[in-house]
Amino acid sequence: MTKAAGEPARSATSRLRLPGVMLYPMLDPTHQPAGRKPRVALFVTCIVDVMYPDVGMAAVSLLGEHGADVVFPEGQTCCGQPAFNSGRRPDARKIAVGFLDVFGPLVESGEVDAIVAPSGSCVAMVRHSYEILLAEARPKVRERAHRLAECTYELTEYLVDVLGVDSTDGRSDQRITYHACCHLLRDLGVDRQPRLLLEGLRDEEVIDLEGADECCGFGGMFALWNADISTEMGRRKARHLEASGADVVAVADVGCMTHMNGILTRDGHRCRAVHVAELLAKSDDSPS
Amino acid sequence: MKVDVEAPYRTRIRQALEDTDVRSAVNRAMGQLAERRERAVGAIDNERMRVDARAAREGAIRQLPNLLEEVERTLTENGSVVHWARDAGEANRIVVEIARARGVQSAVKSKSMVTEEIHLNKALEAAGIDVVETDLGEYIIQLADEPPSHLVAPVIHKRAEDISELFQERLGMEPSLDAAVMCDTARQVLRQRFLTADMGISGCNFAIAETGTVCLITNEGNGRMVTSLPPVHVVIAGIEKVVATPEDALLLWQAASRNATGQDVSVYFSMSSGPRRAGHPDGPEEMHVILLDNGRTRVLESGYADALLCIRCGACLDVCPVYREIGGHAYGATPYSGPIGSILTPLMADDMGATKDLPFASSLCGSCRDACPVRIDLPRLLLELRSEIVAEGQTSMAESATVKGLTLPMLGPRRYRWATRVAQRFGRLLGAASGYLSWLPPPLSAWTRSRVFPRPAAKTFRELWRDK
Amino acid sequence: MSTVHNGAEGAWLQGRTEILDRLKAALADPDARFKVPELQVARTMGPSPVTDVSGDTDLSILFGAMLDKVGGSHEILDDSEAVPGAVIRHFETLRNARKEDGLSFDRILAWAPDKLGIAGLGDTLRQAHIDVVVPPDLNKVECREQASHIAVGITGADAAMASTGTVVLGSGPGRSRSASLLPLHHIVLVAMSRLHATIEAWMATLREEGRLDEALRTASQLSLVTGPSKSADIELTLTLGVHGPRTVHAIVYRDGA
């Protein structure tokens, strides 16, 4: 039987999808107080911390290059998403409160203007799921969660919407395409921003990726509970990447990146997934 | 290897993924349906239609008892007999009783998921009544003795070759792969059944409370035949199908048409408001409407009324990256598959334990939520179900252990640092020079079966930051 | 009349009471029954039209275009007196192009001539040796036998909607459902005065004119028909005429009204 025919082709300049955005609070991007440099607290996220520290350093570098001071509160651990998505709300609640305890005072005191994370799914957790998770918590906790939800941003979102960046000093001679991670695209409505920054990386355009907004199959714990389905979804993504001819696919979420590279490597593909931060940060070597 | 819908979850998934023919058919069909849908909703102010459709459906569910009483009154005024069935058993008994009272020997049916839900055909056959499906897709799977695999396109998992073989074998059709020839064969056979059947059985897309009207969406015309030619017409309507006004029904018809098949409207929208009146040349002499609960009240009581908003358009299936890989039968012995099925099937089941895997069979990508014409937040409902299943202790030990292992370290900075050091040490022990791990111990081996895993970095971000 | 209730009366009433009681109890706090309730206030307005038709659109032309798009065909006549001739011409086209055996092309399954709304149509058809069959009671076997082998059916239309190419067919005395359902070919006569811009406009008119009950409830079945019968069940390949008519030809004409 013929291979997956009839799949709709999508252009790289994909439509910005407004997700259930009507249900979710829109952020006011003009949060910085006048008169001083914007200061952000970096929420590096657990996977980046342990597995991809260079992504964290690239994020710091980008923020610094474009006019923001970065503080790194050491008490941070995780946003609680794996626990929440697994249905373990008591655990997720504890972790979320931990996040609020670490970042809350910094925001409330005005010491930082925003929290920035190089991960769409973690930001979506804070912005949308904390409200659900903490619906029964004490008013002070809920207020703090609401306050933080209003000023937590994904990296490219913060760079473009708040710092007004439209291109970085990063350069690449590789053929680049972009995979739109689900939470970033649909929960946060962020798509134009990473694409805009990626366009600046080289003279050639970012390559079209067929099914760019199709889920790669990671889905967090789904990748373990339903590893077989997850893998098939990832292989579909790998086929599209192969067909695109790209050397590198930029992604904004390291979970997706780990899953995609896991399959690309095991199945012998040439293309590799790289985090947008690493591509965009000024660098002497091109990422492999 | 076909999927055995009665087999345990893991077996069904394995069977589904191994059946490359079905996967190919499903994949191609979903791509086309999703594309057609996109074009149809892209041509209008879809966000406004979704808000309107949501208001129509949510308004109806909020007023459900009042609207049910109203539709009972208006249907009765129009000359129909209204019955109430708490569960599948009661509904089937009522249909059989109606059939016996009228000496029914043969029945024709239009496509209805609710009749699959209650296994009506089996009950009728047990009572000696011959039932034939008249929707082409349903007719094909009836011949093949299989359950439907998609809400709207029940035979999407079959290729033309499969259908042709079936028709040659069972209907004596000449060999042909031409869809027109196959359709014509079915038309001839089923035309005879329409004209001679004693009873017509249909589902109900919408039941209009204000006017006592049962609405049916079809493209083939079998809906009109089933509701016009036999002398008795029986409608099985889930109680959630009620809407307040004809305006709501007409709106939801358009929303369903665009989202299900990419048409502006379906070819036929039959609005039946009772049996034939005096002097009418055709139409049933008797019309019965069975209002069916079968777990719907429980869904409402459980706080998942959002799931009752569903208008059965199938859009969530068409855009679901998981459904596209596994097809409908993998969801088990239920007519409701895909994202909405993963919610309704456990909620309506007597024993949620048997269906507990379904809410976890999702990567939570959110495509379904974006597509739903009545704005059901499907991922949210899946997450709620997951937390209930965990709270009831329904998850396996292995699953619990894995998640606990990955989440307990996050509870505080000290545990986190300790867990980090363990991971780094582990990585150094297992890792090759390549920097990748090709093996992880169970249960993490689920990852490395098909993917490499990167080694934890020599220094964490924290350590690099401190070194700066 | 069926005696179903008597046997199961107890259980039936019990079921009704139980279902309604449970629903009423559960909906005492409706917001709490939804994970994500959206509707806080009862709606005061009906839904907006799904399709948009600008004010100066020629509805006949739009109707014809939309019907053609879904596999139907049409012609637009400026004068109702031209209708009988157009019917004969189309009928003969269908007869000359026929491929199947066993269907009669010497008669037409029809609504009663007075319901078709075109003066002299019945006579013109008879003069062209086309027998006009108006079935009196399709529950009688002979009537059904006769009706089921007729190749062409002809009806009027209670209303039509331009933005979708839809016709509204209500059943009633002299207006059989079968005329637009059983034959392979359907001819529908659409008076311009009954042509509305959209589905919503049609329903609004019914309401304004207080004709909702008459149109919907008395008719016992109101069918909204948009083009020929279709199926895409076999590998999503489109096929026409699966159960209902394979061709639908609309003759849109200017009437006096």
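**View 1. S272(B) is bridged to Q221(C), which sits in strand 9 of chain C.** This is a predicted model, where local features need pLDDT of at least 70, side-chain atom pairs count only at pLDDT 80 or more, and totals for chains, interfaces and linings use all residues. Residues are numbered from 1 along each chain as its sequence is written, while chains are lettered from A and ligands numbered from 1 in the order in which they are written. Strand 9 of chain B covers residues 268-272, and it pairs with strand 9 of chain C in the antiparallel sense over five bridges. (Two strands pair if DSSP finds at least two bridges between them; strands are DSSP runs of E with at least two residues, helices are runs of H or I with at least four, and both are numbered from the N terminus.) Look also for M271(B), which stands opposite L222(C) of strand 9 of chain C.

**View 2. Strand 9 of chain B also has a partner in its own chain, strand 6 (residues 213-218).** These two strands run antiparallel and are joined by five bridges. Here V214(B) is the residue opposite S272(B). How many residues of strand 9 of chain B are buried? Five of its five, so to speak of it as mostly covered is fair, where buried is defined as having 20 or more other C-beta atoms within 10 Å of a residue's own, with C-beta atoms placed from the backbone (12 or fewer is exposed, and in between is partly exposed). In a regular strand the side chains alternate between the two faces of the sheet. In this one, Y268(B), S270(B) and S272(B) are on one side and F269(B) and M271(B) on the other, and both faces are covered.

**View 3. Chain C meets chain B through 75 residues of chain C and 94 residues of chain B.** Two residues count as being in contact if their C-beta atoms, placed from the backbone, lie within 7 Å. On the chain C side, the elements giving two or more residues are helix 1 (4-26), helix 7 (199-208), helix 8 (212-217), strand 9 (221-225) and strand 10 (230-231). Helix 1 of chain C gives the most, with 14 residues. By class, this side of chain C has 32 nonpolar, 28 polar and 15 charged residues. (Ala, Val, Leu, Ile, Met, Phe, Trp, Tyr, Cys and Pro count as nonpolar, Asp, Glu, Lys and Arg as charged, and the others, Gly among them, as polar.)

**View 4. Chain C has eight helices and twelve strands.** Its C-alpha atoms fill a box of roughly 70 × 55 × 45 Å along the principal axes. Of the 257 residues of chain C, 49% are buried.

**View 5. Helix 2 (residues 20-42) and helix 12 (residues 246-261) of chain B pack at about 140 degrees, with axes 6 Å apart.** Axes are lines fitted to C-alpha atoms, for helices over the stretch in contact, and angles run from 0 to 180 degrees between N-to-C directions. Helix 2 of chain B brings R36(B), R37(B), A40(B) and V41(B), while helix 12 of chain B brings R258(B), N259(B) and T261(B). That makes two nonpolar, two polar and three charged residues.

**View 6. Helix 9 (residues 160-171) and helix 10 (residues 179-196) of chain B pack at about 35 degrees, with axes 11 Å apart.** From helix 9 of chain B come A160(B), I163(B), S164(B), F167(B) and L171(B), meeting A179(B), M182(B), T185(B) and V189(B) of helix 10 of chain B. This contact has seven nonpolar, two polar and no charged residues.

**View 7. Chain A is assigned domain 1 (36-162) and domain 2 (176-280).** Those bounds come from an automatic or database domain assignment. The C-alpha centres of the two domains lie 23 Å apart, and their contact takes 27 residues from domain 1 of chain A and 21 from domain 2 of chain A. Which helix gives the most to the domain 1 side? Helix 7 of chain A does, with six residues. The domain 1 side has 15 nonpolar, eight polar and four charged residues.

**View 8. Chain A and chain B touch through 62 residues of chain A and 60 residues of chain B.** The chain A side divides into 30 nonpolar, 18 polar and 14 charged residues.
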